[in-house]
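Here is a small set of exercises to work through with the model open beside you. Try each task before reading its solution.

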Amino acid sequence: MTASTAISPARSPSRPPTTATRPGFRSAFPWLALPATVWVLATFAIPTAILLASSVLTYDGATLTGPLTAANYAELFGNGYFRSVLWETVWMSGIVGCVCMTAGLSVAHFLVRSASRLRTLVLLIVISPLVSSVVVRTYGWLVLLQDDGLVNRALLAAGLIDSPVPLIGSRFAVILGLAHVLLPFAVFTAMSSLQSVDPRLELASRDLGAGPVTTFYRITLPLIRPGLIAGFTLTFAISLGAYASAAVLGGGRVQTLATLVRDRMVVSLEWGQAAAISVVILAVGAVTVSALLVIGRRSRGRRG
């Protein structure tokens, strides 16, 4: 065999260019993001800017009559009734978030860790609130919680009460309706966190003598804490501005910031104050979400 016919060393196959290194991808990327940018501007940024501007303008009913002013905010925060409604909305949203996080974690743990045949049925029950609209679900609770509804009838039949309990128009009814609507969000975030935890860690803890409760609190809970914080944040932020459950199940006796906006817009025609209340809802939600995100990030950092 001559040198000219010697076999040359094998060459490694060239790797195909990735998406990020393909020619023209970087130059085309801004155009790919343009539709999403326009959509966010049209549906969120521009309406929010209009809302912020409306909150510092002077209105006579629905008619713009004056220049920029901070009187809308001064009148709101100088009103004791508004401050009580603000506090009531915040603590009810916090309770809804805690209920959803606790119940969602229990359901998610069953769906992820259990081998029961009931998993599919439980998952369908969890998903079912997302199939119908929030108004339909809220009116379903309205029927169940009436004085002659199923809940009061069951309590009377069990001998727990002597006369029907007025549930409609109570904070309990509003919290129950919101928790039912928002529970799937908490379940799915908790499921995502639990699926990222290696089951062998829990088995190792059990092999070393730890019980199921100790294993959960010492091993599982610290690992899924960021997911639980995310679930609480999501349910809290949504319930903060929820209207249908508070309006229907509150029966006009439970006032929240969302129902107060409706009253200012439709009943008293104070559009400037309605816009200011809406900005307060956004501000409270943004501050709470930011604080919880920081807590979640620190928790994730300690875990790492």
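## Getting oriented

The protein chain has 12 helices and 2 strands, where helices (H or I, at least four residues) and strands (E, at least two) are DSSP runs numbered from the N terminus. This is a predicted model, in which local features need pLDDT of at least 70 and side-chain atom pairs count only at pLDDT 80 or more, while totals for chains, interfaces and linings use all residues. Residues are numbered from 1 along each chain as its sequence is written, and side-chain values use heavy atoms, with hydrogens and water left out.

## Exercise 1: the overall layout

Describe the order of the elements and how much of the protein chain is buried.

Step 1. Starting at the N terminus, the elements run α-β-β-α-α-α-α-α-α-α-α-α-α-α.

Step 2. Of the 304 residues, 34% count as buried; buried means under 20% relative accessible area, exposed over 50%, and partly exposed in between (1.4 Å probe, protein chains only).

Step 3. Now look at contacts (heavy atoms within 4.5 Å). Among those between residues at least 6 apart in sequence, 66% join residues at least 24 apart.

## Exercise 2: the salt bridges

Find the salt bridges and say where the partners of Arg171 and Glu88 sit.

Step 1. Side chains of opposite charge can pair when their charged atoms come close. The rule here asks for a side-chain nitrogen of Lys or Arg within 4 Å of a carboxyl oxygen of Asp or Glu, and the count comes to 3 salt bridges.

Step 2. Arg171 pairs with Glu88, with the closest N and O atoms 3.1 Å apart. Arg171 lies in helix 7 (residues 171-195) and Glu88 in helix 3 (residues 80-113), so this pair ties together parts that are 83 residues apart in sequence. Arg171 is partly exposed at 41% relative accessibility, whereas Glu88 is buried at 14%.

Step 3. Asp198 and Arg200 meet in a salt bridge at 2.8 Å, N to O. Here Asp198 is partly exposed, with a relative accessible area of 27%, and Arg200 is exposed, with 61%.

Step 4. Asp263 and Arg262 also form a salt bridge, at 3.5 Å from N to O; Arg262 is partly exposed at 38%.

## Exercise 3: two enclosed spaces

Which helices each supply at least two residues of the lining of the largest cavity, and which do so for the second largest cavity?

Step 1. Fix the terms. On a 1 Å grid over the protein atoms alone, a cavity is a set of points where a 1.4 Å probe fits but cannot get out, and lining residues have an atom within 4 Å of a point. Grid points are joined across faces, edges and corners, and a volume is the space filled by probe spheres set on the points. There are 2 cavities of 30 Å³ or more.

Step 2. The largest cavity has a volume of about 50 Å³. Helix 3, helix 7 and helix 9 (212-240) each supply at least two lining residues, and helix 3 gives the most, with 3. The lining includes Thr89, Met92, Val174, Ser239 and Thr256.

Step 3. The second largest cavity holds about 40 Å³ of space. Helix 3, helix 7 and helix 9 again each supply at least two lining residues, but here helix 9 gives the most, with 4. Among the lining residues are Met101, Ala186, Gly227 and Phe232.

Step 4. Sort the linings by class: Ala, Val, Leu, Ile, Met, Phe, Trp, Tyr, Cys and Pro count as nonpolar, Asp, Glu, Lys and Arg as charged, and the others, Gly among them, as polar. The largest cavity has 7 nonpolar, 4 polar and no charged residues in its lining; the second largest has 6 nonpolar, 4 polar and no charged.

## Exercise 4: one lining residue up close

Is Thr256 buried or exposed, and which residues does Thr256 touch?

Step 1. Thr256 is found in the loop between helix 10 (244-249) and helix 11 (257-267).

Step 2. At 6% relative accessibility, Thr256 is buried.

Step 3. Leaving out residues up to four places away in sequence, Thr256 touches Val85, Thr89, Met92, Ala242 and Ala246.

Note on methods
On a 1 Å grid over the protein atoms alone, a cavity is a set of points where a 1.4 Å probe fits but cannot get out, and a pocket is an open set with protein on both sides within 12 Å along at least five of seven lines; lining residues have an atom within 4 Å of a point.
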